[in-house]
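Student: I am new to this structure and should like to be guided through it. May we proceed by question and answer?

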Amino acid sequence: MTDELNRARECGRRTARQIAESAKQTEHRPKFHLASPAGWINDPNGFSFFGGEFHLFFQHHPYSSKWGPMHWGHAVTRDFVRWQDRETALAPDTISDRDGCFSGTAIDDGGTHLIAYTGVSKFSGEEVQQQCLASGDGETYTKRAENPVITAADVPFPFQKNHFRDPKIWKEGGTYFLAAVLRKTDGRGALALFSSENLCAWKFVSVMDESTGASGMWECPDFFRLDGTDIIIVSPQEMKADEARGFHDGNNSVYMTGTLSRTSFRFARDIRPENGFTAAQIDGGIDFYAPQTALSPDGRRIMIAWMQSWESPVTPETLLWSGMMTFPRELHIKDGRLFQLPAREIERYRTNPRHGTLSFSGGGRTEQSLGAVSGRHLDIELDITPPSGKTGSISFHIAKDGGSYAELKYDAAHGTLSFDRSRTLTPGASSFRRMNVSPCKTDGILRLRLLLDTSSLEVFANGGAAAFTNVFFMPPSAKGILVCADAGFSLEYSCFDIEA
């Protein structure tokens, strides 16, 4: 174990103790989402099943609650609800990665936990990103002596060497494949594919796919097969807002369905049925980035993402930790479209069921409490019936405390769901986000599932056809939920406490 890894682990342990001993440091921590144990976290890394547990690594800076030289933090779970923190797995401590161990993936390679990651180093003031490997037993990980195993010299065309990262590794038969994103000289993102028979000698295979528009660098790729369809996930940077297609300014996370040719190893994209484009947003909320998937032993494809935004950080400055992950989601493809719902394991933790109906009549806009429902650790199912003319709106004021609250609003006239955190403790640079969503065509009812955990709200619409994730911070004593609606709205609700 290197000195740098030892220092990182000791710092993490020390800060974690400070957090655990302070009510002010723990009051905003989630109950059933993975949060930073100490310091800063961002992208999920190495999400995989190994040794009877799901392992999640993550980009980690143990020395402060701000982004810094990247390490790999580590946690494990058996049910996606209860997480156990483990010691820092990787630290920037070799020539290949002395300026950071950036994002990557992991697989069970015949009883060895194999990690692929990006090593970042500066030579003569110029940053270079290269692909590296490490392996371990679920507790301790050793970097390969051959690192870096893939360098700029292995790419047969010009590109920006400081933008070549985030390897996705998998194995087919006896061949290893590794796909890493890079930025071409014209600024567009691309996904370059390499193969190896022995993990040491790698050869370039193809550009699997590349940006076709004006978007810039891609990040955090994933590739897998789901319900008979090949899927690529990437997180493009520098995108321009396109409300009709569901994209916002800055960093987005998108999926593309299609077919990967096993001769040319080029990905042929499908046209999206919902937007006429070849890519679709995975989650319409403010706080969703860099998703990564794992295959569970029972065959489910599970996805997790960083529940924060580069453009609008909202973590209170007083906290010694920053960063949470979404609750893991089960994925399916239906009619070419991605559906996502919370992993079913959370239903084991449901308690105290409450059910009821609310109707809004008379003139103007009125308010009602959501029955006996209150709290900050809830799983809520809502069936919303708009007025016959699909006019007006209905709002949910969550964690209400006087005039402060987070607002989830459905506008029936425009068919949009919006989130507003401008009345919370830390509104951030971006406090508002809107997403197109429509009621189910068969009965005109909008079905929502709300997963509320201390400082976050994940919304799943119409059986998982759309997702909407947003973080907010409010005093832990703020537990009220108020419903405000125009005349003609009605809703049925079922609510459960989550006791994790």
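Student: Which residues of helix 1 are buried?
Tutor: The model is a predicted one. A residue is called buried when its relative accessible area is under 20%. In helix 1, this holds for Glu-4, Leu-5, Ala-8, Arg-9, Cys-11, Gly-12, Thr-15 and Ile-19.

Student: Within what arc do the buried residues of helix 1 fall, seen down its axis?
Tutor: The buried residues line one face of helix 1, because their directions seen down the axis are confined to a limited arc. That arc is 165 degrees.

Student: What covers the buried residues of helix 1?
Tutor: The cover includes both a helix and strands. Among them are helix 2 (23–26), strand 1 (39–50), strand 3 (71–77), strand 4 (83–90) and strand 20 (321–322).

Student: How far apart are the end C-alpha atoms of helix 1?
Tutor: Helix 1 has 18 residues, covering residues 3–20. At 1.5 Å a residue, the expected span is 26 Å. The end C-alpha atoms agree with this, being apart by 26 Å.

Student: Is Gly-187 buried or exposed?
Tutor: Gly-187 belongs to the loop between strand 10 (175–184) and strand 11 (189–196). Its relative accessible area is 12%, and the limit for a buried residue is under 20%. Gly-187 is therefore buried.

Student: How far apart in space are Gly-187 and Met-217?
Tutor: In sequence, Gly-187 and Met-217 are separated by 30 residues. In space, C-alpha to C-alpha, the distance is 6.8 Å.

Student: What kind of aromatic pair do Phe-49 and Phe-54 form?
Tutor: The count of aromatic pairs comes to 20. For Phe-49 and Phe-54, the ring centres are 4.9 Å apart and the planes meet at 70 degrees. Phe-49 is partly exposed at 28%, whereas Phe-54 is buried at 4%. Since planes over 60 degrees apart count as edge-to-face, the pair is edge-to-face.

Student: Over the face of which residue does Arg-350 lie?
Tutor: Arg-29 lies over the face of Trp-321, at 4.8 Å from the ring centre. Arg-350 is likewise placed over a ring, at 4.1 Å from its centre. That ring belongs to Phe-496.

Student: Which residues touch the most other members of the largest nonpolar core?
Tutor: In soluble globular proteins, nonpolar side chains tend to be buried together. Here the largest nonpolar core holds 40 residues. The residues touching the most other members are Ile-394 and Leu-491.

Student: How many residues does the second, separate core have?
Tutor: Its members include Phe-80, Phe-102, Ala-294 and Tyr-349. The number of residues in this second core is 29.

Technical notes:
Residues numbered from 1 in each chain as written. Predicted model: local features only at pLDDT ≥ 70, side-chain atom pairs only at ≥ 80, totals over all residues. Heavy atoms only, no water. Helix = DSSP H or I, 4+ residues; strand = E, 2+ residues; numbered from the N terminus. Expected span 1.5 Å × (residues − 1). Buried < 20%, exposed > 50% of the residue type's maximum accessible area, 1.4 Å probe, protein only. Arc of directions from axis to C-beta. Contact = heavy atoms within 4.5 Å. Phe/Tyr/Trp six-rings, centres within 6.5 Å; stacked < 30°, edge-to-face > 60°. Lys NZ or Arg CZ within 6 Å of the ring centre and 35° of its normal. Core = buried A, V, L, I, M, F, W, Y, C linked by side-chain atoms within 4.5 Å.
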